[in-house]
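Student: I have a sequence and a model open. Can we go through how the chain is arranged?

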Amino acid sequence: MQEESVRSDTELLPLAPSQEAIWEFIHYFSPDDPGAERFNVCDFRLLKGQVHLESLYDAIDDVTGRHDALRIECAELGRDPLLRIRHDVRPVVSFVDLSDLSEEKQLGPVARLIRESSAQVFDFGKAPLWSVRLVRLAPERHLVVAGFSHLVCDGRSLSVFFSDLMRSYSIRRGDLSQTARTGPATPEVSTAVTFRELAELQRIAQDSTTGDRRTADLGLARPGILFPTRAQRGERSGADMVAETSYAFSFEDGISTGVRRLAWQLRTTPFVVLLAAYQVCLRLRTGLDGLRIGTVTLARGKMDGAAQSMGQFTTNVYLLSAARADVPLRDVVTETHARLKRETARGWSFKRIARAVHPDFEKERPWPFLHLFDSWFQADPPRFQEDDRVGDLSISRPDMFCPTGVTANGPLMPPAGDLELWMKRGAPSISVNRARTGGTVTYNPCFFEADVAAGLARDYLQTVGHIVERPDLPVGRIQLHQN
């Protein structure tokens, strides 16, 4: 065991293919201190009932030991960094007591704590690249807030973390069968995939697929931004370049049902219908053919244990829009399905795509994936089916604690001459919720007015309505009604 721990602490490993796009992104915007880019993910759970804090701290230790991703640090920075999986990592856990405030007055501080966890700066040269905040709201009411660098954690992994945490806590408290207990490791869950296994299987998967002219012809996205901005070159350089806020929207019940019905008729998924609708929406707003839409896939594959593992598994894909003036809405959906299926099956990493579409990629690095799409569209990651009770504790994720508004950290200055890319990093993008009943337009308010996000949401809602109610209508026959 000691020999294994020494090897894991000294062996240096390259990035996994699924980490390449994120590294290129943060290394471009913050080359000397990648953690300052604050490209993070964050989630929380509310625990109701008597919490034994010492057991909860121990459970966090258990989860840290189980997942390689929670013990990653960068041994070398640069264009192609080397990673180290530390054996002995102490998680960073802080405790905040808000129990002297009323529930109403707790909402503001809690939202601020969640925003701070989402926007924290990590030292990439020192594990862990994540932290936990335990918030006491009342003697039998606690909030667990966990924030991670996106380099080591994708959206699905957030649910894995909390699922493992509460299961380990149950073991510590004796709430699970003693016969199932084998020490601090989580029982009844297959062993987590190691980082080395993940990276190797990803390389094998993408090496087994070949390219075609459609990939090479994808080319670069056109320069410029599809949405009106508040800033011109050289202006607003003191703004928070990674500030973020969102505008929520919802489909009417009949439209949500219609999306599911159309997806069933066309043998696809509601996500594909909504992605096709976004392509149509952008075509109607801009009049442009050939737009590139970026999205993301889970890419966990069929590897044993991958579904229960933490890490950065996601893979970006870039689709040429199928929305043209003469194409019926129904055909936009079917062609979007075919293109997404092809690109997802290929599973190419960012660097392989970049080399295929841009011969000067290696000369120009760091070269962020912002060059590969005109606009971004994605879905909230699915969550595990989580128990709503562990022992005497009930577990929930109440929307009342979801923060809104800009990040809590101070401004981060852009590299000279790159304000357009910073604005594209914060340009309005759509994320549909897991139920496919609505979503949010996320944007940087330093560069985009709130009415830009509201206008995009309005146009998108109209487009989804058209695609559901009149699927045989050609794209060019649709008119968006402005308020």
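**Sheets, helices and burial**

Tutor: One open sheet has six strands with mixed pairing, in the order 5-6-7-2-13-12. Strands (E, at least two residues) and helices (H or I, at least four) are DSSP runs numbered from the N terminus, and two strands pair if DSSP finds at least two bridges between them. This is a predicted model, in which local features need pLDDT of at least 70 and side-chain atom pairs count only at pLDDT 80 or more, while totals for chains, interfaces and linings use all residues. Residues are numbered from 1 along each chain as its sequence is written, and side-chain values use heavy atoms, with hydrogens and water left out.

Student: Which are the edge strands of the sheet 5-6-7-2-13-12?

Tutor: An edge strand here pairs on one side only. That applies to residues 93–97 and residues 389–390, which are strand 5 and strand 12.

Student: In what sense do strand 5 and strand 6 pair?

Tutor: Strand 6 covers residues 130–138, and five bridges link it to strand 5. Asp97 stands opposite Arg136 in strand 6. The sense of the pairing between strand 5 and strand 6 is parallel.

Student: Which strands form the edges of the open sheet with the order 8-15-14-11-9-10?

Tutor: This open sheet has six strands and mixed pairing. Each edge strand has a single partner strand, so one side of it is left without a neighbour in the sheet. The edges are strand 8 (245–250) and strand 10 (315–320).

Student: How many bridges join strand 8 to strand 15?

Tutor: Strand 15 spans residues 438–443 and runs antiparallel to strand 8. Ala248 stands opposite Thr440 in strand 15. The number of bridges joining strand 8 to strand 15 is six.

Student: At about what angle does helix 14 run to strand 8?

Tutor: Helix 14 (residues 450–469) lies across strand 8, strand 11, strand 14 and strand 15. Axes are lines fitted to C-alpha atoms, for helices over the stretch in contact (heavy atoms within 4.5 Å). Angles run from 0 to 180 degrees between N-to-C directions. Helix 14 runs to strand 8 at about 25°.

Student: Within what arc do the buried residues of helix 11 fall?

Tutor: Phe350, Lys351, Ile353, Ala354 and Val357 are buried in helix 11, where buried means under 20% relative accessible area (1.4 Å probe, protein chains only). The arc is that of the directions from the helix axis to the C-beta atoms. The buried residues of helix 11 line one face of the helix, because they fall within an arc of 160°.

Technical notes:
Buried means under 20% relative accessible area, exposed over 50%, partly exposed in between (1.4 Å probe, protein chains only).
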